[in-house]
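Reader: I would be grateful for a close examination of a single part of this model, with its strand pairing set out in order and its notable backbone angles included. Which residues should I inspect there, and in what surroundings do they lie?

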Amino acid sequence: MSILNESIRKQVRDLFDQQLKQPVGVLFFNTKNDCETCSDTQQLLEEVISLSDKLFLDVHDLEDEAELAQKFHIDKVPGIIFVGKDGDQLIDYGIRMLGIPSGHEFSTLIHDLILVSGRDSELEQKTRDELKKLTKPVHLQVFVTPT
Amino acid sequence: MLAHMMAMESPLVEAESVEAMEFPDLADRFNVSGVPQTTINDGAGTVVGAAPEDYLLNEIQRALG
């Protein structure tokens, strides 16, 4: 049974048709160990990815592919990373989601895909200028809930 | 999400959304009581609530010292 109903699928498909520009990859880290939301998250991602041929999904295992997980700074599941693609090379923009993207976070998922496909932050010029002056790494963790 | 937009803009910024109920230990560690709450560099800075661009930016700059 699908998670997304036909009406949502149509809305998202239309939005993707209008707004997705360049291809976007979703790397999903799953586990064979205990994870309450991992299988739902994977199914949800599969359903969303199927709504546009500009999107692709790569499923990985946190333990079996520990080196890859480390490369993408993932130590928890379900872990989602949005990437661009240049030839065979994946481009990591540092955009991640930890936990199932349901409820309010479903719209974050959709908007993240559109954001990455545009390869542009859409920030105000002033903010862009200030961010260019950064010299040290910044790690932001935004705590959210589905409701 | 603003944090994700900043990550898109700067190669030095990495931003993750964390579903607080799925990761209660992490949420407890940063005393998350409401959402959204943004933690900067492991607690060097915190923004409670949805903040405009300049506010989050100021907090990042302050956290970096």
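Author: Strands, as named here, are DSSP runs of E with at least two residues, while helices are runs of H or I with at least four, and both are numbered from the N terminus. The model is a predicted one. The part chosen is the sheet to which both chains contribute strands.

This open sheet has eight strands in the order β2(A)-β1(A)-β3(A)-β4(A)-β1(B)-β5(A)-β2(B)-β3(B), and its pairing is mixed. The edges are formed by β2 (55-61) of chain A and by β3 of chain B; each has a single partner strand, so one side of each is left without a neighbour in the sheet. On average, neighbouring strands are turned by 25 degrees against each other, direction ignored. Strands of a sheet pair, in general, through backbone hydrogen bonds, in either a parallel or an antiparallel sense.

Within chain A, β3(A) is a convenient place to begin. Six of its eight residues are buried, so that β3(A) is mostly covered. On one side, strand β1 (residues 24-30) of chain A pairs with β3(A) in the antiparallel sense over five bridges; there, F28(A) has I80(A) as its bridge partner. On the other side, β3(A) pairs with β4 (residues 89-98) of chain A, again antiparallel, over seven bridges, and I80(A) is matched with M97(A) in β4(A). The hairpin of β3(A) and β4(A) has two residues between the strands, and G87(A) takes a positive phi near 65 degrees in it.

The approach to β3(A) deserves attention as well. P78(A) is in the loop between α3 (66-71) and β3 (79-86) of chain A, and the peptide bond from V77(A) to P78(A) is cis, with omega near -5 degrees. P78(A) is touched by T41(A), which also contacts F28(A), I80(A), I100(A) and P101(A). T41(A) belongs to helix α2 (residues 38-49) of chain A. Because its relative accessibility is 0%, T41(A) counts as buried. The side chain of T41(A) reaches the backbone oxygen of T37(A) at 2.7 Å.

From here the description passes to chain B. V13(B) lies in strand β1 (residues 13-19) of chain B, which stands between β4(A) and β5(A) in the sheet order. With a relative accessibility of 2%, below the 20% limit for burial, V13(B) counts as buried. Beyond its sequence neighbours, V13(B) touches residues of chain A, among them Y93(A), G94(A), L131(A) and V138(A), and also M6(B) and A7(B) of chain B. The C-alpha atoms of V13(B) and L57(B) are separated by 11 Å, although these residues are 44 apart along the chain.

Further along, strand β5 (residues 138-144) of chain A and β2(B) run antiparallel and are joined by four bridges; the partner of Q141(A) in β2(B) is T39(B). A second cis peptide bond is that from V35(B) to P36(B), with omega near -5 degrees. P36(B) is located in the loop between α2 (24-29) and β2 (37-40) of chain B.

The loop between β2 and β3 (45-48) of chain B contains N41(B), and D42(B) is found there too. N41(B) has a positive phi near 40 degrees although it is not glycine, and D42(B), also a residue other than glycine, has a positive phi near 60 degrees. As its relative accessibility is 23%, N41(B) counts as partly exposed.

Note on methods: Residues numbered from 1 in each chain as written. Chains lettered and ligands numbered in written order. Predicted model: local features only at pLDDT ≥ 70, side-chain atom pairs only at ≥ 80, totals over all residues. Heavy atoms only, no water. Buried < 20%, exposed > 50% of the residue type's maximum accessible area, 1.4 Å probe, protein only. Contact = heavy atoms within 4.5 Å. Polar contact = N/O pair within 3.5 Å; in protein donor to acceptor, adjacent residues only side chain to side chain. Pairing = 2+ DSSP bridges. Axes fitted to C-alpha atoms, helices over the stretch in contact; angles between N-to-C directions. Lists of a residue's contacts leave out its neighbours within four places in sequence.
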